[in-house]
Amino acid sequence: MSEKIRPIHTERGACVYVRQSSMQQVRTRLEGQRRQYDLRERAQLLGFQRVTVIDEDQGRTGTGAVERPGFGRLLTAVCSGTVGAVLALEASRLARNNRDWHHLIDLCAMAGTLVIDHDGVYDPSLLNDRLLLGLKGTMSEFEISLLRQRAMEAHRQKVQRGMVLTQVPVGYVRTEDEGMEKTPDRQVQEALAGVFRKFRELGSARQVLLWYRDEKLLLPALSRESGNRKVIWIEPIYSRIFGMLKNPTYAGVFVWGRNHTRTAIVEGRARKTRGHARPQDQWEVVIPEHHEGYITWDEYMRNQQQIRANAGWNARMGQLQGAARSGPALLAGLLRCARCGRALQVTYSNSKQHGPLPRYWCSGDRSHQLVRSCVTFAGTRVDQEIAAEVLQALRPVGIQAAFDALERSQSQTDEKRSSLEMALQKARYETARIERQYQATEPENRLVAAELEKRWNTALNHVREMEQRVEEASVAVPSISPQQREQLLALGDDLEQLWDHPDASVTLKKRILRTVLQEVIADTRDDPPEVHLKLHWVGGSHTELTVRKNKVGYHNHINSEEVTELIRELALVCEDSAIVSILNRLGYRTGNNNTWTEKHVQHVRHTKGYPACPPPEQRRWITMQQAAAALSVSDAVVRRLVMRKTLPAKQIVKFAPWMIERAHLELPAVHRAGRLVHTGKRSPSLTTSNVQTPMFIDASEV
């Protein structure tokens with residue numbers, strides 16, 4: 001026994017620290033693990049009666065990159081003064097970094113705790129032992145750094161030669177010389193090639209996903225089971241399709257160093273996060289034409305540019321194009337402000353007659369400058385004018401477009417049927433294989449035969465399902481009759497009719513516009529009110545277009561001039577409630593096709609500046625009843641005077657009251673007629689003929 005171990009140490013007890021760096025070492029390095037646990041018997045031989053084994057850190061590195069709860073428990077025990085000695089197989093078991101090692105040694109020196117390994121017993125309070133322990137910790141840290149450096153340099157040299165040291169993506173297999181090649185499974189090849197063809201056609205990863213979901217087609221994937229590289233067929237998800245489009249391996253290029261690791265200090269310890277993407281110009285190893293690809297490198301670069309343009313935040317950063325957004329606005333993502341260069345945004349207002357109506361606007365730099373929007377204008381008329389301009393440019397290729405549409409429809413159906421036929425062929429192979437296994441099984445071995453029979457029935461059901469889908473796909477092939485072909489050619493010659501067809505989707509129209517237009521620069525003018533557009537075509541040509549813009553306050557839902565003028569004249573003699581009654585009886589509607597209310601009438605008067613009906617004593621125009629009261633006669637007398645045209649009056653519209661100017665009550669003929677009535681003398685007959693005159697006449701006859 002060492003003379004350094006005194007009763008003051010054995011009375012307190014000992015801690016045995018057990019650790020291995022990885023779970024693979026825990027599973028395979030059993031002898032090293034047994035040697036560490038044997039330290040418990042050694043502690044008892046040294047005189048320690050209470051021995052505690054701390055093994056919570058199994059599978060955790062000692063470099064300080066991860067939290068070690070067992071090591072923290074050891075530090076707590078040393079600080080409490082209940083530990084007389086700490087036993088470890090070697091210094092690397094306790095720590096692989098000087099920070100943790102020296103922290104433990106300092107605590108042991110202050111608490112009077114010994115450090116024991118397979119070489120001997122050390123007292124950290126002694127200068128020589130502390131120096132030796134410091135060297136052991138330094139060598140332990142240096143050793144792990146040296147081993148890591150050797151491994152990384154060897155790995156880097158192999159990678160620079162293009163040797164594949166990681167798992168290859170689905171669609172490829174590893175070769176014997178650490179290379180890679182396409183999988184011999186033709187069904188997998190066609191499925192992966194179909195994803196890239198569909199993205200080339202639709203231009204959006206999400207649209208590709210929706211197409212595969214609608215057609216109920218499966219995509220290949222690698223099994224997630226540990227050590228299993230079996231190809232399975234699953235329903236597509238967005239992340240899988242997006243990963244295929246972003247992976248340069250499918251372009252025949254070997255790339256290493258696409259991602260890097262970031263290190264941050266969290267609670268005094270280094271925390272590493274992996275998987276941070278690097279810019280393409282910072283990839284460490286790029287070897288073109290390393291293997292056979294599913295697409296070319298140029299197509300891969302076009303796909304990346306399309307994906308970046310599809311990102312929603314790119315529009316806010318001033319980048320245009322990208323996948324067509326939802327909504328009826330045809331130019332969303334194509335318009336740019338001529339004043340500040342930002343991409344125009346789109347908002348919608350609901351209309352009962354026309355549905356959502358788009359409106360384009362540029363927010364400018366309002367967040368910093370607190371100024372009004374740069375430009376804003378309604379989108380319906382602009383969409384129509386630009387669509388007409390595009391159709392005019394595409395008119396020469398209209399017939400060819402009809403043929404292309406027919407061929408594309410046929411090719412899409414053929415592509416789906418081909419995928420289903422290969423899936424059916426694979427299902428039949430699996431069924432035949434299971435059948436051979438079942439036939440080779442002894443009938444008496446029912447445990448195996450029953451399971452194989454169950455698998456066989458499942459495989460047969462899958463074959464029947466695939467046969468039904470192939471049959472449905474074959475029936476769905478469009479057969480074009482000569483008459484339908486002539487109609488298709490006629491539509492190709494008349495693009496306007498094809499564009500306005502009810503079955504023409506808005507998404508297809510947006511894709512057509514994005515195919516021929518790169519961007520559209522928009523600006524507005526107030527005098528005269530118009531929208532000035534500059535079309536930048538994909539080929540490099542430029543076209544200017546001017547679209548008329550409504551004046552402020554004039555829009556599709558504005559009240560007609562006839563109604564507003566009628567309200568102005570009726571307000572001379574009628575209250576708002578009477579005006580509402582007259583307008584509704586005549587069948588007039590508001591600009592939004594609603595019936596009239598007092599609030600609607602008041603809004604018109606307020607916006608147009610029409611005064612309300614004045615009090616009766618202040619009115620210039622009065623009604624027949626008010627005129628009869630002023631002349632002290634009956635209503636019938638005033639009505640006869642109006643019909644004789646003795647008293648001038650007018651009726652604006654039907655159901656409106658007759659309007660009499662107050663000054664006309666002072667006419668001599670009117671006074672004379674009033675005196676005759678007051679003296680009891682009747683006035684002459686209205687007419688001398690036997691023709692009866694109607695009591696009410698139109699305003700045009702007055």
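**Salt bridges and cysteines in a predicted model**

Good morning. I begin with Glu292, which is exposed, with a relative accessibility of 52%. The structure before us is a predicted model, and Glu292 brings us to the subject of this talk, the pairing of charged side chains.

Which residue does Glu292 meet in a salt bridge? The partner is Lys182, and the closest N and O atoms of the two are 3.7 Å apart. This pair links distant parts of the chain. Glu292 sits in the loop between strand E13 (285-287) and helix H12 (297-310), while Lys182 belongs to strand E7 (residues 180-182), 110 residues away in the chain. In contrast to the exposed Glu292, Lys182 counts as buried, at 19% relative accessibility.

Let me turn to another pair. Arg96 forms a salt bridge with Glu143, with 3.1 Å between the closest N and O atoms. Arg96 is in the loop between helix H6 (91-94) and helix H7 (98-111), and Glu143 is in helix H8 (residues 127-160), so the bridge ties together parts that lie 47 residues apart in sequence. Is Arg96 buried or exposed? Arg96 is buried, at a relative accessible area of 11%. Glu143, for its part, is partly exposed, with a relative accessibility of 39%.

The next pair joins two helices. The side chains of Arg428 and Glu467 meet in a salt bridge, at 3.1 Å from N to O. Here too, distant parts of the chain are linked: Arg428 is in helix H16 (residues 398-440) and Glu467 in helix H17 (residues 446-475), with their positions 39 residues apart in the chain. Arg428 is partly exposed at 44% relative accessibility, and Glu467 is likewise partly exposed, with a relative accessible area of 32%.

Some salt bridges share partners, and in this way Arg68, Arg99 and Asp100 are joined into one network. How many salt bridges are there by the rule applied here? The count comes to 26.

I close with the cysteines. The structure holds zero disulfides. Why is Cys337 not bonded to Cys340? The sulfur of Cys340 is the closest cysteine sulfur to that of Cys337, yet the two are 3.8 Å apart, which is too far for a bond, because a disulfide requires the sulfur atoms to be within 2.5 Å. Cys337 is also buried, at 2% relative accessibility. Cys374 is in no disulfide either; the nearest cysteine sulfur to it is again that of Cys340, 3.8 Å away.

Thank you for your attention.

Note on methods: Residues are numbered from 1 along each chain as its sequence is written. This is a predicted model: local features need pLDDT of at least 70, side-chain atom pairs count only at pLDDT 80 or more; totals for chains, interfaces and linings use all residues. Side-chain values use heavy atoms; hydrogens and water are left out. A salt bridge is a side-chain nitrogen of Lys or Arg within 4 Å of a carboxyl oxygen of Asp or Glu. Helices (H or I, at least four residues) and strands (E, at least two) are DSSP runs, numbered from the N terminus. Buried means under 20% relative accessible area, exposed over 50%, partly exposed in between (1.4 Å probe, protein chains only).
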